[in-house]
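Hi,

Here is the structure I promised to pass on. Have a look, and my notes follow underneath.

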Amino acid sequence: MKKNCVWLLMAAMGVVAASCSYKITETTNYPEKSKSIVILYENDVHCGIDGYAKIAGLRDAINATDTAFATAVCVGDFLQGNTTGAISKGQYIIDIMKQVGYHALTLGNHEFDYGVPRMEALLAQMKTPVVCVNLFEPSKPEPLYAPYVIKQYGQKRIAFVGAVTPETMVLEGYSFYDTNGIKLYDLRPETFYDLIQQAADKARSEGADYVVLLSHVGETTQSLGFNSHLMVEKTKGIDIVLDGHTHSIIPHDMVKNQEGRDITVTQTGTQFNNIGKLVITPSGRMTTELLPSKDVPYENAQVKAATDSIKKLVEAATSRVVAKSDYPLVVSDENDQWVVRGEETNAGDLVADAYRKAMKSDIAFENGGGIRNDIPAGTITYGHIIGMLPYDNLLRRISATGEQIEKMLARCTALVPVLDGNFPQCSGIRFTIHSKSHTVSNVEVLQEDGSYAPIDPKKTYTVGLTDYNHQGGGLFECFKQCPVVFESTMRYYEALADYLTNTLGGTTGSAYAQPQGRITIVED
């Protein structure tokens, strides 16, 4: 719920406002009797739309038994992830989600992919309270969305507090700064844990029996130093953390909070690998488990109808055949780990080559986080391509010195072997990563005759990349100050489709069957 002064109207409708206008308390009219509370949760769905009917159906089935109060919440990263989100800029996802009837949702970093105005317009269509403690306009003292919402289930009141990783200001920097570097929005990294603590304290003061944190922060420490375990260690008064962002599959990790109390942190994976189930007994005991979505036999008919309708629209828009491949184009491994974020893959080679061809540049880069989905062997449709490259990014050609390129390579590979979205897939260049010393050596640039020559730190090279990577959304802002030589109107998925069709003649051939040896990783 956005900050405003509608609390009087809310009160008249049976919704009691908190002490400040941007906090909300809502009463759900469940009978006054002691039953367990079941909170179903999901994170990082990334347009895996088939799971929405199942989480709603499971909730409905539990409520039908009258043995527990059941609800569902969302922990962010739902607007983007494959073709369904990309071709509608998130609208199709909202059309499905608003049928589910979530009791609360928080923002993920990828909700910012289409810009904050677009995100606001989409979320305004939702009946669900949006909670986020740390999204601010710089000149405003109150957050853009409510820090928490309190829901009542029988005799118990649960506060759902929301938080999104401040790292989003790096990953989706273009949504937070204008082209002159002026800050438009702020996720308050300097006071992040304090804001969470304040929300938990205020929710307790308003009578919340339990505080559930919807945390799109993640298990792995990222570029700004945040992770969900450290967040628990620095706070108190939070009963459980439903986490997201890192796509981890965690039924329950125990982390001691500031008072030494064990707090559960849990994640479901991604794209509805699992549906999380939190049970709070009448005595206050909390347990969590992950239910594989494929094993859930229930579906909500209304949500299923919406999903099926959207699928038909997407199929009509994306069924055009572009090319064929005798092998898969690899982004992730058999464990659903995004290896494109930590090593060269054939998909990364193909995408970067498409950029270099389209931009007529010496070199090209794409951050691993921008290449989202594998393409299986066989027919490659336009839908497959948008699924692999689902954002609305445009291509451009910039000018960068050899020294700037070398600095970018060292910065963006410093976390190897940890997977990181800034890892650079490349074309027209090759290099060696030293995973223990966190250095890069043997940087060489492709010459016209097909040979490679050492990069010249003082020479200027043209680089093909997306506006996202140039403006500071990826590659750690390393190229942000580099001048634009050519501004294209071509989207990055259009470049790949054109490369497959016109340059490769509708087939990937044998050249991309394996990574081409552009990136070497050694342990020293």
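First, something to look up: which residue follows H7, and what is the sign of its phi? That would be Gly-207, with a positive phi near 100°. Keep in mind that this is a predicted model.

Now for H7 itself. The helix covers residues 192–205, and its end C-alpha atoms sit 20 Å apart; at 1.5 Å a residue, 14 residues should span 20 Å, so the two agree. Its buried residues are Phe-192, Tyr-193, Leu-195, Ile-196, Gln-197, Ala-199, Ala-200 and Ala-203. A reminder that helps when reading that list: an α-helix has 3.6 residues a turn, so residues three or four places apart point the same way. As for what they touch, the buried residues of H7 pack against three strands, S5 (148–153), S6 (156–164) and S7 (210–216), and against helix H8 (228–233).

The other part I looked at is a sheet. It is open, with 4 strands in the order S20-S19-S18-S23 and mixed pairing. S20 (452–454) and S23 (519–522) are the edge strands; each has a single partner strand, so one side of each has no neighbour in the sheet. From one strand to the next, the twist averages 25°.

Within that sheet, S18 (residues 429–434) pairs with S23 in the parallel sense over 4 bridges, and His-434 is opposite Val-522 in S23. Finally, helix H12 (residues 402–412) lies across S18 and S19 (439–446), running at about 135° to S19.

Cheers

Methods: Residues numbered from 1 in each chain as written. Predicted model: local features only at pLDDT ≥ 70, side-chain atom pairs only at ≥ 80, totals over all residues. Heavy atoms only, no water. Helix = DSSP H or I, 4+ residues; strand = E, 2+ residues; numbered from the N terminus. Expected span 1.5 Å × (residues − 1). Buried < 20%, exposed > 50% of the residue type's maximum accessible area, 1.4 Å probe, protein only. Contact = heavy atoms within 4.5 Å. Pairing = 2+ DSSP bridges. Axes fitted to C-alpha atoms, helices over the stretch in contact; angles between N-to-C directions.
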